[in-house]
Amino acid sequence: MDENYLKINVTASSADFLEQIKKATLQNQLCLGGEELDLNEQQLDSILGERSYSGGSLPESVIEEIEGGQNQLSASFYFKLNPSSKAFKEIQEQILKIDKSAKLDYLPVEESNWLENWKKYYTPQEVNKKIEVIPSWMEPSEGKQISIRIEPGQAFGTGTHETTLGCIETIAFLHGQGISPRNLLDFGCGSGVLAISAEKIFGGSKRITLLDIDEVVQGNCQVNLNLNHCDLDHYVFTSSKEFLLKNQFGYDLILANVLYPVLIENLTFFKSKLVPGGYIVVSGLLQEQEQDLKDYYQHEQLAFIHRVQRGDWVSLTFKS
Ligand SMILES: C[S@@+](CC[C@H](N)C(=O)[O-])C[C@H]1O[C@@H](n2cnc3c(N)ncnc32)[C@H](O)[C@@H]1O
C-alpha cells in the first residue's frame with residue numbers, strides 16, 4: 001500500500017462549515033479531489049450489499065435511506081501526503097480552524113483505488129439541455145451540442161460545483177441575448193473551464209486571458225485547452241494582475257468565479273479592465289452575500305442585469 005495517498009474524511013458540525021471546509025480543502029494544492037457523498041462505503045455496502053440489493057430497481061425506502069445519508073455534513077478528500085508530514089498537520093489545523101467541532105479521520109489508500117474511486121464521482125454535469133461538462137475519460141452525452149471536457153486535476157473547476165455551472169449557464173444566457181464578446185478575462189481561471197465554455201458557446205475567435213494567483217493551475221489549463229481543441233494562440237496565462245494593469249487592453253467580458261471577499265477587493269481592478277458596455281459575471285457568492293455585493297457594485301456604476309441561482313450559490317451579471 002502506498003502510504004502517500006490519503007483519504008481524509010471530515011464530518012462538520014453544520015452545512016455551512018462543511019461548505020467552507022470543502023472550499024478551503026479543495027483549493028489546497030496537495031488536494032487531488034473530493035467526494036461529496038456522505039455515506040461511506042461501508043454504509044453503502046451495508047444498504048446495498050448485505051441486504052442483497054444487487055440489481056434491478058431499488059425499493060423507494062432504500063433510495064430514501066441513501067438520500068437521507070447525504071446529510072450534507074460529511075465529505076472526503078484525497079491527498080498525496082504522508083500522514084506524519086507537516087503539511088498533513090496544517091490541513092487538519094485549517095479544517096479545525098473553520099469548525100472546531102469537526103471530526104476528522106484518515107486512511108491510506110492505494111493509488112489505483114483512489115483514482116477509480118475518485119473517477120466514480122465525476123459524472124456529466126448538465127448546464128442546460130444543450131450544454132454539459134464531462135470528465136476527460138467520458139464520451140459526450142447524447143443530444144448535447146456542447147460538451148466541455150475537463151481533466152480533474154489539481155486545479156479547482158471540474159465543473160461539478162454550482163458556482164461553475166451557474167457561470168456557464170450565465171454565459172449561455174449572454175449568448176442568447178446576442179452578446180458576442182471578443183476579449184475575455186477568466187479571473188481565477190482554475191482549470192480554465194469558464195474560458196473554454198465561453199469559447200465554445202460564443203464561438204468565433206477570441207483573445208482570452210487566463211488569470212490565477214495559483215501558478216500550478218497553468219499546466220492543468222493547458223491540458224484542458226488541448227482536450228477541447230482550443231487554439232492555444234488565442235490564450236495568455238498570467239498570475240499577475242499588475243501585468244494586466246500595465247497595459248491599456250480592455251475586456252468586454254470578465255468571468256470571475258472567486259469568493260465574495262476577492263470579488264469586493266478586486267472591483268476597482270475589474271472596472272479598470274472592463275471596456276464601456278462590457279459585462280462582468282461574478283460567481284462564488286452565497287445567497288446571503290448577494291445583496292451586499294449588488295449594492296457595492298451598483299454603487300460603482302455597474303448595472304445589474306442578470307441572476308442565476310444554483311443551490312445556495314448565486315452568479316450575478318453586471319454591465320459597465
Ligand atoms: C472557485 S475557483 C474557480 C475555478 C474556475 N474558474 C471555475 O469556475 O470552476 C477560484 C480560483 O480562483 C483563484 N483565485 C483565488 N483568489 C484569487 C485572486 N485574488 N486572484 C486571482 N485568482 C484567485 C484560485 O486559485 C482558484 O483557482
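**Strand pairing around β11 and in the β5-β6-β7 sheet**

Strand β11, spanning residues 251-257, is mostly covered, with six of its seven residues buried. The model described here is predicted. Burial in this strand is assigned where 20 or more other C-beta atoms lie within 10 Å of a residue's own.

Strand β11 has parallel pairings with β8 and with β12. Strand β8 (residues 183-187) runs parallel to β11, and the two are joined by four bridges. Within this pairing, Phe187 is placed opposite Ala256 of β11. Strand β12 (residues 274-286) is likewise parallel to β11, to which six bridges connect it. One residue pair in this register is Ile254 with its bridge partner Ile280 in β12. Strands of a sheet pair through backbone hydrogen bonds, in either a parallel or an antiparallel sense.

A separate description applies to β5, β6 and β7. These three strands form an open sheet, ordered β5-β6-β7, in which the pairing is mixed. Strands β5 (125-126) and β7 (146-150) are the edge strands, each pairing on one side only. Between β6 (residues 131-135) and β7 the pairing is parallel and extends over five bridges. Here Ile134 has Arg149 in β7 as its bridge partner.

Helix α7, comprising residues 193-202, lies across β6 and β7. Relative to β7, the helix runs at about 155 degrees. The two strands that helix α7 lies across are thus also the pair joined in the parallel sense over five bridges.

Terms used
Residues are numbered from 1 along each chain as its sequence is written. This is a predicted model: local features need pLDDT of at least 70, side-chain atom pairs count only at pLDDT 80 or more; totals for chains, interfaces and linings use all residues. A residue is buried if 20 or more other C-beta atoms lie within 10 Å of its own, exposed if 12 or fewer, and partly exposed in between; C-beta atoms are placed from the backbone. Two strands pair if DSSP finds at least two bridges between them. Two residues are in contact if their C-beta atoms, placed from the backbone, lie within 7 Å. Axes are lines fitted to C-alpha atoms, for helices over the stretch in contact, and angles run from 0 to 180 degrees between N-to-C directions.
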